Amino acid sequence: MKIIHAASELYPYVKTGGLADAVGSLASTLADKGHEVAVFVPAYRAALEHKDMARAEQRLGLRVEMGDRICAGDVRVLPLKKGLTVYFIGREEYFDRRFPYGNGERDYEDNDARFVFFCKAVVEVMRIAEIRADVVHSHDWQAALLPLLVRYEERRSGISLAMKTVFTIHNIAFQGVFPMRSFALTNLPDELLGIDGFEYYGQINLMKGGILFADRVTTVSPRYAQEIQTPEFGCGLEGVVGTRSDDLVGLVNGIDPKVWNPARDRLLPARYAVHDLTGKPVCRAALLKKMGFDEAFKGPVFGMICRLTEQKGLDLLLAAKDFFIEHDCRLIVLGTGEKRYETALRALAQVHPKKIALSLKLDEETSHLIEAGADFFLMPSLFEPCGLNQMYSQAYGTVPVVSRVGGFIDTVVDLDEHPEDGTGIMFVPSAGEFVQALYRALQLHGQPERLGETIRRAMSRDFSWEKAATAYERLYENTI
Ligand code: ADP
């Protein structure tokens, strides 16, 4: 099949979260399975500065209609491997910035224009480069206009661009909501502005358009597919998602074994596998040392890596601070995000430097070391479409402590409920239940045999993209 992906992030060129990993791995695995895959992504500054860019083969000029203006842009074409090509959509004014979506405090004011331009440029490249796809698969609100734009271009020009369109919701909390007037940038007819179209409480909602107009809608776990049809998790779009329930499916992401495999991980001081775990304590000691702790410490080490946002359960973590202070354990947090959480965590680490260590940056290397070196990995998320770290931690023999929501339910097996199959500790997200879960972790740490069995079971699970990509392949085939 000829498959086009369009997304605002792609590992290793630009990543703020799991979207980048998911799109990169899915595209790469589909190419390995013999499909012809193209990925479209904005040419952010990080991508332009990436060493691979020197290998980009061509640079084509683009002219994109945006309301009553014509905006110039360009595309750089980077062949990555057999069957996989990346198209970087460029326009200095929109994408040559340090951060993809905002300056950390606020979103950029022109995000409407930036991502309308991106979607329109994808269609324009398909038209001029005569790319005919079996499936155009777009991801999240930044690419949500694409299913509809493809059909409008086909109607306008009389050429067929794509047999089918698929739209994936990676996180329904981010919807691309803009003032009504932004709609003019799309050059789509005003009849699409109504309540059956992009309108959303007097504004426009780009994700709503993706959900309504794609041939199939997917999300990143079966549980999240159910959750987003409820007011508790649907973030206002539950009704819209409900209208597509027959065309909606949840497919769990996989993990990239070239990047996340303790047996081959070059970022670790020692490697290990389920049949030989001797490298794990080496990683543990290295982690403790790197974070300023005594490397011989024997008690439980809790790790956490995430965007510092409400979603990731930072309030639950902060509410549980006494647990970490009162018990002989270590807490290591790596993350960037909202200032209020950075400030609170910094204060905590300053008062308890012997127990709590903090790194407030994006740091790939340390993230691997935490996954390998911690005993327990904390994910007290309030909601979690899929989540990746709970899969990484199982692969690395680090017991996940996760809330009972979304993708966690599909990827972690609770030890108390299933003593023979359990791979982690689950709890209903609330401050009290989280502390109870931490006590369960403490108890498990004191039972080396049970802990060892849990680790071995967790490491033996198959979270490969091979499995996940096969599910997408079937979905594409069925849709076509
Ligand atoms: P989300 O996409 O909601 O942020 P996921 O769990 O799906 O959450 O994916 C987050 C990814 O980003 C994981 O691979 C995680 O390890 C990584 N990550 C988050 N914060 C950092 C950080 N400060 N340094 C390195 N990697 C990080």
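User: Which residues does His170 touch, leaving out residues up to four places away in sequence?

Analyst: A contact list shows which parts of a chain meet around one residue. In this predicted model, His170 touches Leu19, Ala22, His139, Asp140, Val220 and Pro385. With His139 there is also a polar contact of 2.8 Å between the two side chains.

User: Where is His170 found, with respect to the strands? Is His170 buried or exposed?

Analyst: The place in the chain and the cover by other residues are read separately. His170 is found in the loop that links strand E7 (162–169) to strand E8 (177–179). Buried means under 20% relative accessible area. His170 has 9% relative accessibility, and therefore counts as buried.

User: How does Arg404 read by the same steps, beginning with where it is found?

Analyst: Arg404 is found in the loop between strand E17 (399–403) and helix H15 (406–411). Its relative accessible area is 30%, so Arg404 is described as partly exposed. Apart from neighbours within four places in sequence, Arg404 is in contact with Ile409, Asp414, Glu417, Met426, Phe427, Val428 and Pro429. The side chains of Arg404 and Glu417 are joined by a polar contact of 3.0 Å. A distance can also be read from C-alpha to C-alpha: Arg404 and Glu384 are 9.3 Å apart in space and 20 residues apart in sequence.

User: In what order do the strands of the open six-stranded sheet stand?

Analyst: The order in a sheet is read from strand to neighbouring strand. Here it is E15-E14-E13-E16-E17-E18, with parallel pairing. Strand E15 (356–359) and strand E18 (425–427) each have a single partner strand, so these two stand at the edges and one side of each lacks a neighbour in the sheet. On average, neighbouring strands of this sheet are turned by 20 degrees against each other, direction ignored.

User: How many bridges pair strand E13 with strand E14, and which helix lies across them?

Analyst: Pairing is read from bridges, and packing from contacts. Strand E13 (residues 301–308) pairs with strand E14 (residues 330–337) over eight bridges in the parallel sense. Within this pair, Met304 stands opposite Val333 in E14. Helix H13 (residues 364–373) lies across E13, E14 and strand E16 (376–379), and runs at about 140 degrees to E13.

User: Which strands are joined to strand E5, and in which sense, parallel or antiparallel?

Analyst: One strand may have a partner in each sense. Strand E2 (residues 36–42) is joined to E5 by six bridges and runs parallel to it; Phe40 has Tyr87 in E5 as its bridge partner. Strand E4 (residues 69–81) is joined to E5 by seven bridges and runs antiparallel; here Val75 has Ile89 in E5 as its bridge partner. E4 and E5 form a hairpin with two residues between them, and Gly83 in the turn has a positive phi of about 85 degrees. As for cover, six of the seven residues of E5 (residues 84–90) are buried.

User: How many helices and strands does the protein chain have, and what is its radius of gyration?

Analyst: The protein chain has 18 helices and 18 strands. Its radius of gyration is 23 Å, which agrees with a compact globule of 480 residues, because such a globule would have a value near 23 Å. Of the 480 residues, 59% are buried. Among contacts between residues at least 6 apart in sequence, 71% join residues at least 24 apart.

Terms used: Residues numbered from 1 in each chain as written. Predicted model: local features only at pLDDT ≥ 70, side-chain atom pairs only at ≥ 80, totals over all residues. Heavy atoms only, no water. Pairing = 2+ DSSP bridges. Helix = DSSP H or I, 4+ residues; strand = E, 2+ residues; numbered from the N terminus. Axes fitted to C-alpha atoms, helices over the stretch in contact; angles between N-to-C directions. Contact = heavy atoms within 4.5 Å. Rg over C-alpha atoms; globule rule 2.2 N^0.38 Å. Buried < 20%, exposed > 50% of the residue type's maximum accessible area, 1.4 Å probe, protein only. Polar contact = N/O pair within 3.5 Å; in protein donor to acceptor, adjacent residues only side chain to side chain.
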